[in-house]
Amino acid sequence: MALQSSRLCCGARVAGLRPVLPISRPACKAMTRHSSRCRAMPTSPVVRELPTQVVETFYVVQDPALFNTSYSDALLRFVDAAILAYECGMNEDSLRHELKVYKQSLEQQLAPPGMALNEDGCMLGAKIVWITLMETRSVRRWAAYNPVTDDTLHDWSGFVSMIVDSYLNRQMSWFPIERLQLELSAVQDLCAPPHDVVEWARIVYTVLEKVHPQFAKE
């Protein structure tokens, strides 16, 4: 399922929606440098808010124009939240629980039509982030269990590894979409349209640019 994104930067915040908790960039950097805090302070406010941060930032990714931001910035905040959640031991089950809680909250607030939470898209986006981190081994995870199931790894590790390998070993800033489509078709029997594959690939590249920057920003 696609992320249902908009790349326009105009529009006003929808009144009455649950506010998105901004991710503190200094706090995220500090947690990345000293991720032992995830282990030492499992009940700290930063750690407790992680599942909510992942879901809320994805909610903005669905239609960033409604929140007066760009798609690139919205996606970066979502990736930041998912990386931090990976470090601190979040997994599919904990995210699935938070998705249910957040969906109930939106229903109580009577979110406008078209702004329903895309639960499948959020779950898939987070899983792609986590598999990318597993492939690069660039972030230490303070948990004895994997963030994703074996079935998820089977379905998506090939897709992610093709991008990671080309980025790290061949310095490719983009990967042919047709080859990624063939991978998904062969492994999952999934005939994904190009725009969906582009969205999923962009998540991988956004993670790589965070943990292994190789190309100068324009």
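The buried residues of helix α9 pack against α8 and α10. In this predicted model, those buried residues are Ile177, Leu180, Glu183 and Leu184. They cover an arc of only 115° around the axis, which puts them on the same side of α9. An α-helix has 3.6 residues a turn, so residues three or four places apart point the same way. The face turned away from the buried side of α9 carries the exposed residues Glu178, Leu182 and Ala186. Helix α9 runs over residues 177–188, twelve residues, and reaches 16 Å from its first C-alpha to its last, close to the 16 Å expected at 1.5 Å a residue. Just after α9, aspartate 189 takes a positive phi of about 55°.

The two partners of α9 are also linked to each other through aromatic rings. A pair of aromatic rings is described by the distance of the centres and the angle of the planes. A search of the whole structure finds seven aromatic pairs. In one of them, tryptophan 156 and tryptophan 200 have centres 5.2 Å apart and planes at 85°, an edge-to-face arrangement. Tryptophan 156 lies in helix α8 (residues 150–169) and tryptophan 200 in helix α10 (residues 194–211), so the pair ties together parts that are 44 residues apart in sequence. Tryptophan 156 is buried, with a relative accessible area of 6%, and tryptophan 200 is buried at 2%.

What kind of pair do the rings of tyrosine 167 and tyrosine 205 form? Their centres are 6.1 Å apart and their planes stand at 65°, so the pair is edge-to-face. Tyrosine 167 belongs to helix α8 and tyrosine 205 to helix α10, and the pair links parts of the chain 38 residues apart. The relative accessible area is 1% for tyrosine 167, which is buried, and 3% for tyrosine 205, which is also buried.

Aromatic rings also occur together elsewhere in the chain. Tyr59, Phe67 and Tyr102 form one aromatic cluster. At tyrosine 86 the partner is a charged side chain: arginine 141 lies over the face of the ring, at 5.3 Å from the ring centre.

The wider setting is a chain with ten helices and zero strands. Of its 218 residues, 47% count as buried. Among contacts in the chain with a separation of 6 or more, 79% are between residues 24 or more positions apart.

Much of the buried interior can be followed through the largest nonpolar core. This core has 55 residues, of which Phe78, Leu95, Val129, Trp130 and Phe159 touch the most other members. The helices α4 (50–62), α5 (71–87), α6 (92–109), α7 (119–136), α8, α9 and α10 each supply at least two residues of this core. Which helix gives the largest share of this core? That helix is α5, with ten residues.

Helix α5 is mostly covered, with 13 of its 17 residues buried. At 1.5 Å a residue, the 17 residues of α5 should span 24 Å, and its end C-alpha atoms are 24 Å apart, which agrees. Just after α5, glycine 89 takes a positive phi of about 95°.

Tryptophan 130, one of the core residues that touch the most other members, shows what such a position involves. Leaving aside neighbours within four places in sequence, tryptophan 130 is in contact with Ala82, Ala85, Tyr86, Met90, Asn91, Glu92, Leu95, Pro147 and Val148. Two names in that list have already appeared: Leu95 is itself among the core residues that touch the most other members, and Tyr86 is the residue whose ring lies under arginine 141.

The loops on either side of α8 each hold a residue with an unusual backbone angle. Most residues other than glycine have a negative phi, and most peptide bonds are trans. Arginine 137 has a positive phi of about 50° although it is not a glycine. This arginine 137 is found in the loop between α7 and α8. Is arginine 137 buried or exposed? Arginine 137 is exposed, with a relative accessible area of 76%. In the loop between α8 and α9 lies glutamine 171. Its phi is near 50°, again a positive value in a residue other than glycine. At 44% relative accessibility, glutamine 171 counts as partly exposed.

How values were computed:
Residues numbered from 1 in each chain as written. Predicted model: local features only at pLDDT ≥ 70, side-chain atom pairs only at ≥ 80, totals over all residues. Heavy atoms only, no water. Phe/Tyr/Trp six-rings, centres within 6.5 Å; stacked < 30°, edge-to-face > 60°. Helix = DSSP H or I, 4+ residues; strand = E, 2+ residues; numbered from the N terminus. Buried < 20%, exposed > 50% of the residue type's maximum accessible area, 1.4 Å probe, protein only. Lys NZ or Arg CZ within 6 Å of the ring centre and 35° of its normal. Expected span 1.5 Å × (residues − 1). Arc of directions from axis to C-beta. Contact = heavy atoms within 4.5 Å. Core = buried A, V, L, I, M, F, W, Y, C linked by side-chain atoms within 4.5 Å.
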